[in-house]
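User: Hello! Please walk me through this model in questions and answers, explaining each term when it comes up.

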Amino acid sequence: MNITELKYIIETAAAGSISAAAKNLYAAQPNISKAIKSLEEEYGIQIFQRSAKGMTPTREGQEFIRQAQHIVQELDALDGQFLHPGKRRVELKIAIPRASYAAHAFVRYVNQLKDASELKVHIRECNSLEALDRIVRNQYSMALIRFESQHEEYFQSLIRLKHLESEPLMEFQYRLLTGANSKLVHKDIKGYQDLEGYIELIHGDDRLPTGDYVDAFKLPENANSKKRIHVYERGSQFALLQGLPESYMWVSPMPEELLNRYKLVQRECPWQKRVMKDILVYPEHRLFSKEEEAFVEELKKERDSVSGHC
């Protein structure tokens, strides 16, 4: 056994096939196949179940890979401390929904990386199905996904089917977000009908569990909305809310710091019955790196912060 062989099986488990692992590691497929066979013979176990669909770890293989991940992480830590003292290499790929608290947590996390000698961090805001697909294709190491509580069974089934794991992060009801100079700040709002005539901002690429794009008119909050603007990135939505006093949008709880910075106000609307859930998703049996653990910690701190002043 050597460290290269362990990295080969870890990547094969993550990628789901030898060919994909070879592509990700810039290695020759025969070398990876030979490494897997060598380890299986050395330890007398079958690490992978081979099929037309790819490579799936067996029960023994799952535990073997878990231990291998731990060994590789410890060796990387030793290299960083003794072979390359003073150097810190950080690599992270995460997907998040359009959640201000998650974006804010990411900023706080990156602020901790000022001493890194090498930084390769990717963050993508996307819908839940795209996020899951990127994890399965090994493009991202983890994702924060969002869905309506009534669709939880669908998403959990999909997560299991794709050999992923999840843990709950936050459950909430959408809040109404508008500019500080909007009439909606003090308007008595008892239902969606009281928003008629105002301009609603909607994320333009939301999708249903079926994969179809949402028909905004079928959602309850849009039933009376005849004025809508579809936005596709965060900067536009904040600029529009600031510049259009008659505009609003439905959002997850936002950090107070961002509300003050962009001169926005969020309002709770108890009659708004849609319950949303944010959950963390990652490859099955994956051990988080120290960098990933640090980001999740910041995410939970931000979650607690926005929940505390709900």
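Analyst: Happy to! One term to begin with: a residue is buried under 20% relative accessible area, exposed over 50% and partly exposed in between, with a 1.4 Å probe and protein chains only. This is a predicted model, in which local features need pLDDT of at least 70, side-chain atom pairs count only at pLDDT 80 or more, and totals for chains, interfaces and linings use all residues. Residues are numbered from 1 along each chain as its sequence is written, while side-chain values use heavy atoms and leave out hydrogens and water.

User: Is M276 buried or exposed?

Analyst: M276 sits in strand β12, residues 275–283. Strands (E, at least two residues) and helices (H or I, at least four) are DSSP runs numbered from the N terminus. The relative accessibility of M276 is 4%, so this residue counts as buried.

User: Which residues does M276 touch, not counting those up to four places away in sequence?

Analyst: A contact means heavy atoms within 4.5 Å. One partner, E148, is 128 residues away in sequence, yet the two C-alpha atoms are 4.4 Å apart. The residues touched by M276 are R146, F147, E148, M170, E171, F172 and Y174.

User: In what order do the 5 strands of the open sheet come?

Analyst: Strands pair if DSSP finds at least two bridges between them. The pairing in this sheet is mixed, and the order is β4-β3-β5-β12-β6. Two of these strands, β4 (118–125) and β6 (164–173), pair on one side only, which makes the edge strands β4 and β6.

User: How many bridges join β6 to β12?

Analyst: These two strands run antiparallel. Within the pair, E171 has K277 of β12 as its bridge partner. The number of bridges joining β6 to β12 is 9.

User: Which strands of the sheet does α7 touch?

Analyst: Two helices pack on this sheet, so let's take α6 along as well: it touches β3 (89–96), β4, β5 (142–148), β6 and β12, and its direction makes about 150° with that of β5. For α7, the angle with β5 is also about 150°, and the strands touched are β5, β6 and β12.

User: At what angle do α6 and α7 pack?

Analyst: Two packed helices are described by the angle between their axes and the distance between the axes. Axes are lines fitted to C-alpha atoms, for helices over the stretch in contact, and angles run from 0 to 180 degrees between N-to-C directions. Angles under 35 degrees count as roughly parallel, over 145 as roughly antiparallel, 65 to 115 as roughly perpendicular and the rest as oblique, and α6 and α7 are therefore roughly parallel to each other. With the axes of α6 (residues 128–136) and α7 (residues 152–161) 11 Å apart, the angle is about 10°.

User: Which residues of α7 meet α6?

Analyst: From α6, the contact involves S128, L129 and L132. On the α7 side, the residues are Y154, F155, L158 and I159.

User: How many of the 7 residues of β5 are buried?

Analyst: On one face of β5, M142, L144, R146 and E148 are buried, and on the other A143, I145 and F147 are buried too. This strand pairs with β3 in the parallel sense over 2 bridges and with β12 in the antiparallel sense over 6 bridges. The strand is largely enclosed by the rest of the structure because the buried count is 7 of the 7.

User: In which loop does K263 lie?

Analyst: K263 has a phi near 55°, a positive value in a residue other than glycine. At 59% relative accessible area, K263 is exposed. Its loop is the one between α9 (256–261) and β11 (264–267).

User: Over which residues does pLDDT stay under 50?

Analyst: pLDDT is the predictor's confidence in each residue, from 0 to 100. The protein chain averages 84, and 87% of the residues score at least 70. Where pLDDT is low, the predicted coordinates should not be read in detail. The stretch under 50 is residues 207–218.
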